[in-house]
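This report is meant for a reader who meets the structure for the first time. It begins with how exposure is judged, then turns to the whole chain, its parts and a few single residues.

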Amino acid sequence: MIQGEKIRYEIHKILFSIFRFNKNLNDLRIKKKIEENKKEDIAFLINVTLASMRYHLHTLKIIDKYIKKKIRDHEKILLISAITQIVFLNFKEYAVINCSVQIAKKLKLYPGLINASLKNIAKNKLELKEIKITYDDLPLWFKEKTYSITNIEKKRFLKNFYKEPDIHIVFKNIKSLNLFEDDLIKTSSISGFLLNKKNITEKKSFIRGDWWVQDFSSFFPLHNFEIKNKKNKLLDACSAPGGKAFQILSRNIKIILNDKSKNRIKILKSNLDRLRYNPEIKNKDFLKFKEDQKFDTIILDAPCSSVGTIRKNPEIFFKKNAPNLEELNVLQENMLKKASRLLLKNGFIIYMTCSFLKCETFDQIENFLKKNDNFVLFNFKLKKEFNSFSRFIDKNYMLTFPDNVLEKNIDGYFAAYLKKIK
Ligand SMILES: C[S@@+](CC[C@H](N)C(=O)[O-])C[C@H]1O[C@@H](n2cnc3c(N)ncnc32)[C@H](O)[C@@H]1O
């Protein structure tokens, strides 16, 4: 195989394992496999893999239009990737078609079908580039779980979900923001969107540990949460890779960080080292926490479908299987219950998810409040500098869809502050 074929074959294998075997691009094994390639090939591989997943609903519509016979999963994946390259990434079509035909031969698919359909599609690529996705085209599980969202919210989602994410960063303090060497669209006194997204980890200020990457919407809830007494006991129950915890540590407030995943704790530790923070860390299942130590504030950034981060994690729609929402909902409910037992009177649970699905957000809080009349939903008071973002607060909940702020992309996110009143 020539180099172009080899790297596209790697892309095919990765896409197939995400589609069929529920893997993620960030899984350690896949990451290792990617790193075995030459530096210049890695950027190509990641670009094509991400774009193939982001545009796969568009490309499936194109496949439907051009191929009437039933195709197998391998053919589907090969076509998705090839059409993405031709139509949406504007690559030279003859290279893409030749490589795809060779891969089809290697996989014992129908090279003739791949060749003929891609040539036809390439002829009409300008017109096909304009193909639009409707709500009906989205995965069934997602449509079922978002039946209650408004038409405006649906429209906003359709306009945004397949676009590349922007990079929003948060600084330790105002001084470190003022020292920043590059252009920034500020979102607050300590945060902003990067204008230049290239080689960000090579910037001096990053190596110095002046800032970390954190989406605007996930930064929002804690930035608006005041902690008056610095002696309060705080716990971040699910803390890795660390964004929320860094927000607290940067205010010189102590907090214990916990996460169940060994691998994610490793990433958390390396982030803490770079930022020069040294908090107490636990690597435990939060549900099994002993209840002898109580806290004033528990940050509960619960495991969820992550559908709010669809632009960063396009795997969510690309996988053949839907996320196991029933299992996640039970886990979220149990985590809330556990947090309530570990909380001191007048303390807060800050419940957050990078999801906007009702079952992971409003339903969880409403269900919790129904069962716990010693808790109330606490006022979401906005900092003055966030007055222009008041549209994200509704009835004391914070909710964003994948949306735009200052013409930059933000994730879908949810937060609620729960106060224990007795
Ligand atoms: C949404 S992520 C947390 C993101 C983190 N708060 C941040 O700001 O970077 C959810 C985390 O929950 C962890 N987790 C899942 N089940 C857990 C459990 N039973 N106990 C503790 N952590 C758990 C996962 O390993 C994952 O790191």
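A residue is called buried if 20 or more other C-beta atoms lie within 10 Å of its own, exposed if 12 or fewer do, and partly exposed in between, with C-beta atoms placed from the backbone. K260, in this predicted model, has 17 C-beta neighbours inside 10 Å and therefore counts as partly exposed. K260 belongs to the loop that runs between β6 (256-258) and α15, and, when residues up to four places away in sequence are not counted, it touches K284, D285 and F286. With F286, K260 forms a pair that is 26 residues apart in sequence, while the C-alpha atoms of the two are 7.1 Å apart in space.

**The chain as a whole**

The protein contains 18 helices and 15 strands, and its C-alpha atoms fill a box of roughly 70 × 45 × 40 Å when this is taken along the principal axes. A compact globule of 422 residues would have a radius of gyration near 22 Å, and because the protein has 23 Å, the value agrees with that expectation. Of the 422 residues, 39% count as buried. Among the contacts with a separation of 6 or more, 72% are accounted for by residues that are 24 or more positions apart.

**Two domains and their shared side**

The protein is divided into domain 1, which covers 3-128, and domain 2, which covers 168-420; the C-alpha centres of domain 1 and domain 2 lie 35 Å apart. Where the two meet, 12 residues of domain 1 are in contact with eight residues of domain 2. On the side of domain 1 that touches domain 2, at least two residues are supplied by each of α1 (3-21), α3 (39-54) and α4 (56-66). Sorted by class, this side of domain 1 has seven nonpolar, three polar and two charged residues.

**Nonpolar cores**

The largest nonpolar core has 70 residues, and those with the most contacts inside it are I298, L300, A339, I349, I350 and Y351. I349 can be followed further: leaving aside its neighbours within four places in sequence, it is in contact with I298, L300, L336, A339, S340, L343 and L418. Another core lies apart from the largest one and has 29 residues, including L25, I77, L78 and I97.

**Around the ligand**

Which residues come nearest to the ligand? Of the 18 residues around the ligand, these are C238, G243, S261, F286 and D301. The shell around the ligand divides into seven nonpolar, five polar and six charged residues. F286 thus appears both in this list and among the residues that K260 touches.

**Single residues and their surroundings**

K172 lies in the loop between β1 (168-171) and α11 (174-178). Is K172 buried or exposed? With 21 other C-beta atoms within 10 Å, K172 is buried, because 20 or more are enough for that class. Not counting residues up to four places away in sequence, K172 touches D210, W211 and S250. K172 and F246 are 74 residues apart in sequence, yet their C-alpha atoms are 8.0 Å apart in space.

S270 has its place in helix α15 and counts as exposed, because it has 12 C-beta neighbours inside 10 Å. S270 is 29 residues apart in sequence from P241, and the two are 9.2 Å apart in space, C-alpha to C-alpha. P241 itself is found in the loop between β5 (234-236) and α14 (243-249).

The pairs named so far are set side by side here.

| Pair | Apart in sequence | C-alpha to C-alpha |
|---|---|---|
| K172 and F246 | 74 residues | 8.0 Å |
| S270 and P241 | 29 residues | 9.2 Å |
| K260 and F286 | 26 residues | 7.1 Å |

**Backbone geometry**

Most residues other than glycine have a negative phi, and most peptide bonds are trans. The peptide bond from A240 to P241 is cis, with omega near 5 degrees. R276, which is not a glycine, has a positive phi near 60 degrees; R276 is found in the loop between α15 (262-275) and β7 (281-282), and it is exposed, with 10 other C-beta atoms within 10 Å. N396 likewise is not a glycine and has a positive phi of about 70 degrees. N396 lies in the loop between β11 (393-394) and β12 (397-400), and with 14 C-beta neighbours inside 10 Å it counts as partly exposed.

Conventions:
Residues numbered from 1 in each chain as written. Predicted model: local features only at pLDDT ≥ 70, side-chain atom pairs only at ≥ 80, totals over all residues. Domains from an automatic or database assignment. Contact = placed C-beta atoms within 7 Å. Helix = DSSP H or I, 4+ residues; strand = E, 2+ residues; numbered from the N terminus. Nonpolar A, V, L, I, M, F, W, Y, C, P; charged D, E, K, R; others polar. Near = placed C-beta within 6 Å. Core = buried A, V, L, I, M, F, W, Y, C linked by C-beta atoms within 7 Å. Rg over C-alpha atoms; globule rule 2.2 N^0.38 Å.
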